[in-house]
Amino acid sequence: MAPFDIDSIAGLARLTVSDGEKAALAEDMAAILAFAATLPEADPYTEEAALPLSALREDEAADSDPAPLLCAAPKLREDAFTVPSGGISL
Amino acid sequence: MNGLIFQDIHALAAGLRRKDFSALELVRAHIDRIRSCEDTISALITRTEELALSRAAAADARLAGGDAPLLCGIPFVLKDNICTEGIPTTCASRMLADYIPPYSATVYARLQAAGAVLLGKGNMDEFSMGSSTENSAFYPTRNPLDISRVPGGSSGGPAAAVAAYEVPFALGSDTGGSIRQPAAFCGLVGMKPTYGTVSRHGLVAFASSLDQIGPLTRTVQDNAAVLSCISAPDGRDATANRTFAAAKDLFSGDIRGISVGLLRFPGDAADPAIRAAVESVAAVLADRGAQVREVRLPALSDALPAYYILSSAEASANLARYDGVRYGARAEGAASPDELFCSTRSTYFGPEVRRRILLGTYALSAGHRDAFYLRAQSAARRIRAAFAEIFATCDCLLCPTTPTVAFPAGEKSDPVSMYRGDLFTVPASLAGIPALSLPCGTADGLPVAAQLMAAEGNDGLLYRLAAAIEEVRI
């Protein structure tokens, strides 16, 4: 089983794991993954029905680029959408 | 009026119609009970006393009109992951501590339309991740039958509220056993209906392919009545395409000719007292004319790991929406959007939620998807096929709901030992079939429960068998 790289997975999950938490979390995840690794191989039907890996992007956390979203804003102030205040009450 | 709190829904409904008491008196009696119990049990996160009193007055007016539904005027609790317009819905998470939904879940709307009276929102494991209600971000709930023990989870608050006579019924949600396990620990009837029988619109998502709402009650007949009320196809949830309606002869006690498989689990680690109680249920069913035989389903040995991979994978996707931008809590002082996402999620999600998000992200990542996610999907498919095969020759399966009785608070600290407690409940979740837990005895003074499972859509059969078992009061 591949080692569990907490920093890399936490980056993908948009979580920060403190140095103090890492050891305990790594131990927990290793135990959980060892438990999950008892599953037998996937059958050919499931393999075939699954989305091909080529359809997935690489597992790399990237900075968010707000530019495409800002293009869609009806009205802008600096790099933010301008919206009416007090328009929604919960 | 104190005796009112001990009555079941059908008795209360009859009393309201005879004008033995009013809905207002009934609601006040339950409010008094909540006030006297909550310091000890902590079943509720939010109480809705004022709203309840106004709804009770409306229920009295409707009852006076003479054509009120069965649940009119009956108090209830909702698990706090079911959206209630204008009332906080926290999922027991700091992330949603201040969230007030602008809309109501379909199940709440249906109960309101029936005139039932909401008394509060029940505590739970954060975002339904847990089996003891100790993962609530606010406080743990205690088991009313022994306050040194957990009430189960994740619907531990709703279950404790019913067991403590704070309300006659509650709605929970069940992803891998979260209705059935707390029902077992608190001595209640808990039903996870066939997937698609109850709308999930307004249920805060954990694992969407598994989540299902269902009732917790003190009797089988009450449970069927509540499910009948909340079940209907719903255009707001494309998977809600079934209706359950309790047939009149469901509780006749006649179970002659029904074939029941006494399910022997691979690696069955149930306590001997629990196994013995379930075997006594099998004997009762046989005495009453059911055909009982032992069955084995080897495919179920993969159910637990498959469940934890699939549910965590779905949770990691569903909980991506909590980013500090759209709703929920927001961490202060972030210098960039990415810092805002990371800081918010790390600050406001609790340890178990973060653990499962990490597990799910790992299982779905391109480098590990084949080793975990696809294998889990494949195992789930084999489990569904195994159930389909067994239900071709057998109407219903019987097994324990939990391997142990309610365990002491704080006893289980490592996640895998907590996960192993879901051995008997996760297979029905993966297969989408109905499963019902009902009390079938005691061990060490605590309730023991049996679980009944049937083929997809056969929810009524479970009630029929459960009613026959309940009649005998093992």
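Me: Is Arg355(B) buried or exposed?

Reply: Happy to help, and please keep in mind that this is a predicted model. Residues count as buried under 20% relative accessible area. Arg355(B) has a relative accessible area of 12%, so the label for Arg355(B) is buried.

Me: Which residue forms a salt bridge with Arg355(B), the closest N and O atoms being 2.5 Å apart?

Reply: Look within helix H11 of chain B, where the two partners sit three residues apart, so about one helical turn separates them. The partner is itself buried, at 8% relative accessibility. The residue that forms this salt bridge with Arg355(B) is Glu352(B).

Me: Which residue of chain A is linked with Glu352(B), Arg355(B) and Arg356(B) in a network of salt bridges?

Reply: Three members of this network, Glu352(B), Arg355(B) and Arg356(B), belong to chain B. The member from chain A is Asp28(A).

Me: How many salt bridges are there between chain A and chain B?

Reply: A good example to look at is Arg354(B) with Glu21(A), where the closest N and O atoms are 2.6 Å apart. That distance meets the cut-off for a salt bridge, which is within 4 Å. Between chain A and chain B, the count is four.

Me: Which helix gives the most to the side of chain A that touches chain B?

Reply: Three helices of chain A give two or more residues to this side: H1 (6–12), H2 (19–36) and H3 (44–49). With nine residues, the one that gives the most is H2(A).

Me: How many nonpolar residues does the side of chain A that touches chain B have?

Reply: In all, 40 residues of chain A are in contact with 38 residues of chain B. Sorted by class, the chain A side has four polar and eight charged residues. The nonpolar residues on that side number 28.

Me: What is the area buried between chain A and chain B?

Reply: The size of an interface is often given as the accessible area lost when the parts come together. Here carbon and sulfur atoms give 67% of the buried area. On the chain A side, Leu15(A), Phe35(A) and Leu39(A) supply 20% of what that chain buries against chain B, more than any other three residues. The area buried between the two chains is about 3700 Å².

Me: Which residue forms an edge-to-face aromatic pair with Tyr322(B)?

Reply: The two rings are 6.1 Å apart centre to centre, with 85° between the planes. This pair links distant parts of the chain, 27 residues apart: Tyr322(B) is in the loop between H9 and H10 of chain B, and its partner is in the loop between H10 and H11. Tyr322(B) is buried, with a relative accessible area of 3%, and the partner is also buried at 3%. The residue that pairs with Tyr322(B) is Phe349(B).

Me: Which residues form one aromatic cluster with Tyr322(B) and Phe349(B)?

Reply: A search of the whole structure finds 14 aromatic pairs over all chains. The cluster lies in chain B, and its other members are Tyr99(B), Phe127(B) and Tyr327(B).

Me: Is Arg326(B) buried or exposed?

Reply: The side chain of Arg326(B) meets that of Asp323(B) in a salt bridge, at 2.8 Å from N to O. Asp323(B) is buried, with a relative accessible area of 10%. For Arg326(B) the relative accessible area is 55%, and exposed means over 50%. Therefore Arg326(B) is exposed.

Technical notes. Residues are numbered from 1 along each chain as its sequence is written. Chains are lettered from A and ligands numbered from 1 in the order in which they are written. This is a predicted model: local features need pLDDT of at least 70, side-chain atom pairs count only at pLDDT 80 or more; totals for chains, interfaces and linings use all residues. Side-chain values use heavy atoms; hydrogens and water are left out. Contact means heavy atoms within 4.5 Å. Buried area is the accessible area (1.4 Å probe) that two parts lose on being put together, summed over both. Helices (H or I, at least four residues) and strands (E, at least two) are DSSP runs, numbered from the N terminus. Ala, Val, Leu, Ile, Met, Phe, Trp, Tyr, Cys and Pro count as nonpolar, Asp, Glu, Lys and Arg as charged, and the others, Gly among them, as polar. Rings of Phe, Tyr and Trp (its six-membered ring) pair if their centres lie within 6.5 Å; planes under 30 degrees apart count as stacked, over 60 as edge-to-face and the rest as tilted. Buried means under 20% relative accessible area, exposed over 50%, partly exposed in between (1.4 Å probe, protein chains only).
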